[in-house]
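I opened this notebook page to record what I looked up in one structure, contact by contact. The entries below follow the order in which I checked things.

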Amino acid sequence: MARWKALPAGLDPAVVEFVAELRRLKDASGLSLRDLATGTGYSSSSWERYLGGRLLPPREAVESMATMVAADTARLLARYERAGDAWRRDHLDDSGAGEKPEPEPERGQEEVASAAPGVLVVPVDPGEGPREGAAAVGKGVGSRPRNLLRQLATVGLSAAAGAVIAVLVMEPGHSASAVAVPRTTATAARPVPYTCHFVRKAGLWYAGNSATRTDHLQVDMWGPEVAELQCLLQHAGESPGGVDGNFGPLTESAVISAQKAFHLDVDGQVGPRTWAALRR
């Protein structure tokens, strides 16, 4: 019998009960992760996440496992449905439903916030006070000319860097992999409304969110690259459950289904070969 690691803290009791049942069935059957991957079509790494409570498996994976271990499918699916309801509820909470109100501005920042629209505030060390761009000249900054020069230089460099990043994100063949990063906290990013505007360029499909063809994506990542992936999955006839820029279990299930359809290695993760298949 495997020595199971403790489940992540904060899981709903329904999810804990379901994952515990999956572990019990695996132990009783003597199947390895590789056996489950072979028998269900879902990778060993995916099953490691399912049995570790880090990701809820797709319904198809649960049904396949129940068949392999000769379990009571109806009973297992009933637990799965309860766990799925709890998982989706918690996931929506983490995605920004019921957002916390904006924190009050710290002392010394009220003038900057209300000075004028478009004022760029550059973070500084505590106690030094906020720095403002050129729009703040003449509003209490004139007595510090050295700091003003430094502030203007910082503003110019920041604007130039932002323009370069924007060009790389929009131009086909380039990628900005730093945009799609693992979500570490529930408030790491607010929900962004993404849409799909399909354009055919040089024989490839683009949905208007990202032009990447190489960025590696996997579960728990978020950003415009994930939204682009979700649009392309919909275009290929594989529903990710919506276009919200979050790589969750429904998106993983759609990726796996697409990889099977395109005869690619099935691992639920997106790399250059999966991008190429989806963009054709």
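What follows is a set of entries on the overall make-up, the core, the disulfide, the salt bridges and the aromatic rings.

**Entry 1, overall make-up.** I note at the outset that this is a predicted model, and I read every distance below with that in mind. I looked up the secondary structure and found 10 helices and 6 strands in the protein chain. The chain has 280 residues, of which 37% count as buried. I also checked how far along the sequence the contacts reach: among those between residues at least 6 apart, 56% join residues at least 24 apart.

**Entry 2, the nonpolar core.** Which residues have the most contacts inside the largest nonpolar core? I found F18, W47, L217, L229 and F247 at the top of the list, in a core of 40 residues. I then looked up which elements give two or more residues to this core, and they are helix 1 (13-29), helix 3 (44-51), helix 4 (59-69), helix 5 (73-94), helix 8 (224-235), helix 9 (249-261) and helix 10 (272-279). As general background I wrote beside this that nonpolar side chains tend to be buried together in soluble globular proteins.

I took L229 as an example and listed its partners, leaving aside residues up to four places away in sequence: L229 touches L217, F247, T251, V255, V270, W275 and L278. L217 and F247 are also among the core residues with the most contacts.

**Entry 3, the disulfide.** I searched for disulfides and the count came to 1. The bond joins C196 and C231, with the sulfur atoms 1.9 Å apart. C196 sits in the loop between strand 3 (181-182) and strand 4 (199-201), whereas C231 belongs to helix 8, so the bond ties together parts that are 35 residues apart in sequence. Is the disulfide left-handed or right-handed? The torsion about the S-S bond is about -85°, so I entered the disulfide of C196 and C231 as left-handed. I then compared the surroundings of the two cysteines: C196 is partly exposed, with a relative accessible area of 24%, while C231 is buried, at 0%.

**Entry 4, salt bridges.** By the rule used here I have 11 salt bridges, and I looked at three of them in detail.

The pair R24 and E21 has its closest N and O atoms 2.8 Å apart. Both residues are in helix 1, and being 3 residues apart they are separated by about one helical turn. R24 counts as partly exposed, at 44% relative accessibility, but E21 is buried, with a relative accessible area of 8%. I followed this pair outwards and found that E17, E21, R24, R75 and R79 are linked in a network of salt bridges.

The pair R49 and E252 likewise forms a salt bridge, the closest N and O atoms being 2.8 Å apart. This one links distant parts of the chain, since R49 is in helix 3 and E252 in helix 9, 203 residues apart. I looked up the accessibility of the two partners, and both R49 and E252 are buried.

The side chains of R59 and E81 meet in a salt bridge at 2.4 Å, N to O. R59 lies in helix 4 and E81 in helix 5, so the pair ties together parts that are 22 residues apart in sequence. I have R59 as partly exposed at 36% relative accessible area, and E81 as partly exposed at 34%.

**Entry 5, aromatic rings.** I found 3 aromatic pairs in the structure. W47 and Y50 form one that is edge-to-face, with 5.2 Å from centre to centre and 80° between the planes. Both lie in helix 3, 3 residues apart, about one turn of the helix, and both are buried. W47 had already come up in Entry 2, as one of the core residues with the most contacts.

For F198 and W205, I have the ring centres 6.4 Å apart and the planes at 85°, so this pair is edge-to-face as well. F198 is partly exposed, with a relative accessible area of 33%, and W205 is partly exposed at 23%.

As a last item I looked for a charge over a ring, and found that K260 lies over the face of Y42, at 5.0 Å from the ring centre.

Definitions and conventions
Residues numbered from 1 in each chain as written. Predicted model: local features only at pLDDT ≥ 70, side-chain atom pairs only at ≥ 80, totals over all residues. Heavy atoms only, no water. Core = buried A, V, L, I, M, F, W, Y, C linked by side-chain atoms within 4.5 Å. Buried < 20%, exposed > 50% of the residue type's maximum accessible area, 1.4 Å probe, protein only. Helix = DSSP H or I, 4+ residues; strand = E, 2+ residues; numbered from the N terminus. Contact = heavy atoms within 4.5 Å. Disulfide = S-S within 2.5 Å. Phe/Tyr/Trp six-rings, centres within 6.5 Å; stacked < 30°, edge-to-face > 60°. Lys NZ or Arg CZ within 6 Å of the ring centre and 35° of its normal.
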